[in-house]
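This note sets out comments on the packing of neighbouring helices and on internal cavities. Please read the points alongside the coordinates.

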Amino acid sequence: MSKKIGRNDPCPCGSGKKYKNCCLGKDKRNNLSSDLLNQVAEWISKQPEMKDEFGKALENCLKDDTVTDVKVNNIMDAFIFDYKLSDGKTPFRYFLDNAKISPSNYPIYEGFENNIFSIFEVLEVFRGQGIKLQDLVWDKEYFVREERGTYQLTSGDILFCRVALFESHFIILTPAPNVLQQDAGYHIKRELRHMRPNLQKGMNAFDVLTAVWKSEDETKNLKTEDLHEIKKAFKKKLKSLGIEIDFRGLDRRINENKNAMEAFPEIYEFNFPSNDDFRETMDILKLLWNRYPRKEFGGKSPGEVSSIGPKEQLLISDLLNETMKNVDPDDFPSIEEAKKAADKFRDVWLKTPQKELDGRTPMDTILEERREMGNPNKNFTFSVKIEGIRDYDTNKAERLYMEGVQALEQGASIKAAELFEEVTNMYPENYRAWGNLGCCFAYLGDKKEAIKCYKKALSIEPDYEFARESLDWVKGQTEKQLFAEGMLGTLQALRDDFIKKKKK
């Protein structure tokens, strides 16, 4: 939603004054901030000692040949404000200390130095005038003077960008902010509940750019609408990992099993050499599973027959996670009682307003999306399936382990950590559970615990290459780098998953 501000309306910046007496007059000076930022970039780029440093930043961020003006501008922004020179200063501080800055502009530049780089949600858009943002890390609101972005953004969009005070109002310093569309916002805000303490230690723009662009490039490399290309990419990936699968039996595997885990056990049991290999393999497998024709659907794929919208799919996934957290079948005398408890939890959850849904209930959100899609169905029949198991300890540990793998694949590091920790409590000699628990702690920015888990895995199985390579990698990272990579990889996976679902 967007609207225009009347001259006599209260100014959206929150000053309490009328718009005509507050930010209206400042619109005419907005070009000044852009000019000042351009002067900073121009001065820094002319300094011989900065050229090599900026070259290093470009090389680290751009691992392939996909170079665009937008990427270079984003890297320049990160370089100016976040890059650390040999003396520990940023290039912007170097500019303040050495450039010939007029006394009238110096206070403005000092305001730029005290910038805020964070994750923001767009609360309200005022066309051609500005946007109201909420900092999801620090839970603060800002009215930002902006013109061009107001014609592209909508309420609910998520921005990774830098804002700073200019005179008495805020502006966006990042030339081309990274934007996630509003349908991804629900999960992002849910994850930020747990991540906020670590995020408040500070986020580096380089970590954001690297994670986002890497995932974008991987998505571009695969033609997700072409089943032949998906099969080819799947075969190539498995061959590179040494996983042997007879593709002549692919149709039987997919059509005779209920889920990908049952159809491809050798993949789920495989000891992947790296987290990147694991994520890439699972992404291609999900594409194949959703795009492959099924006999039960008359030759159509699950993606073709699904009438569930992207928001409803996200909410179903969240309901599953919340049910697993709150309903433990082992706490009930029978499977029937556990099923009743799960259904009761579902009914209450659907009717409970959530802050992440702007105070609406999940059921209200689902029905609204269905109306937009032309779906008149008002019933929610989804329920969690609970089955009994025989050999309690062994089967429960295996179930928890596979649930942990799935949670880690979906980017739910906290949930995965809880599952793998329970497995290690039941079977302390399960080195693979220790290795995966190390991954969870790494993605959550807890370097110390990640190292402990990898060392524990290696003490049990010295030839566990995954733990050895992960340990070497973690030791070379800061906690902030680990957390930023894990979190942003999760957010980008959500965005990519949404894009894939939307295409289907």
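The numbered points below take up three helix pairs in turn and then the cavities.

1. Status of the model. The structure under discussion is a predicted model, and the comments that follow should be read with that in mind.

2. Helices α18 and α19. Helix α18 spans residues 413–426 and packs against α19 at an angle of about 150 degrees, the two axes lying 9 Å apart. Because angles over 145 degrees count as roughly antiparallel, α18 is roughly antiparallel to α19. The two helices cross in a left-handed sense.

3. Residues between α18 and α19. On the α18 side the contact is made by S413, A416, A417, F420, E421, V423 and T424, and on the α19 side by A433, W434, N436, L437, C440 and Y443. Sorted by class, this contact comprises 9 nonpolar, 3 polar and 1 charged residues.

4. Helices α19 and α20. Helix α19 covers residues 431–443 and helix α20 covers residues 447–460; their packing angle is about 165 degrees, with an axis separation of 8 Å. The pair is therefore roughly antiparallel. Here too the crossing, that of α19 past α20, is left-handed.

5. Residues between α19 and α20. From α19, the residues Y431, W434, G435, L437, G438, C439, F441 and A442 take part, and they meet E449, A450, C453, Y454, K456, A457 and I460 of α20. The class count for this contact is 11 nonpolar, 2 polar and 2 charged residues. W434 and L437 appear in this list and also in the contact of α19 with α18.

6. Helices α20 and α21. Helix α21 (residues 465–475) packs with α20 at an angle of about 155 degrees, and 9 Å separates the axes. This angle makes α20 roughly antiparallel to α21. α20 passes α21 in a left-handed crossing.

7. Residues between α20 and α21. K447, A450, I451, Y454, K455, A457 and L458 represent α20, while A467, R468, S470, L471, V474 and K475 represent α21. In this contact, 8 residues are nonpolar, 1 is polar and 4 are charged. A450, Y454 and A457 of α20 belong to this contact and also to that of α20 with α19.

8. Cavities. How many cavities of 30 Å³ or more does the structure hold? There are 4, and the largest has a volume of about 200 Å³.

9. Lining of the largest cavity. This cavity is lined by 17 residues, and those nearest its centre are F270, F272, F278, Y401 and N436. Two or more lining residues come from each of α11 (265–268), α12 (275–291), α17 (392–409) and α19. The lining divides into 12 nonpolar, 4 polar and 1 charged residues. N436 thus merits inspection in two settings: N436 lies among the residues nearest the cavity centre, and N436 is also one of the α19 residues that meet α18.

Definitions and conventions:
Residues are numbered from 1 along each chain as its sequence is written. This is a predicted model: local features need pLDDT of at least 70, side-chain atom pairs count only at pLDDT 80 or more; totals for chains, interfaces and linings use all residues. Side-chain values use heavy atoms; hydrogens and water are left out. Axes are lines fitted to C-alpha atoms, for helices over the stretch in contact, and angles run from 0 to 180 degrees between N-to-C directions. Helices (H or I, at least four residues) and strands (E, at least two) are DSSP runs, numbered from the N terminus. Angles under 35 degrees count as roughly parallel, over 145 as roughly antiparallel, 65 to 115 as roughly perpendicular and the rest as oblique. A crossing is left-handed if the near helix is turned anticlockwise from the far one by less than a right angle, and right-handed if clockwise. Contact means heavy atoms within 4.5 Å. Ala, Val, Leu, Ile, Met, Phe, Trp, Tyr, Cys and Pro count as nonpolar, Asp, Glu, Lys and Arg as charged, and the others, Gly among them, as polar. On a 1 Å grid over the protein atoms alone, a cavity is a set of points where a 1.4 Å probe fits but cannot get out, and a pocket is an open set with protein on both sides within 12 Å along at least five of seven lines; lining residues have an atom within 4 Å of a point. Grid points are joined across faces, edges and corners, and a volume is the space filled by probe spheres set on the points.
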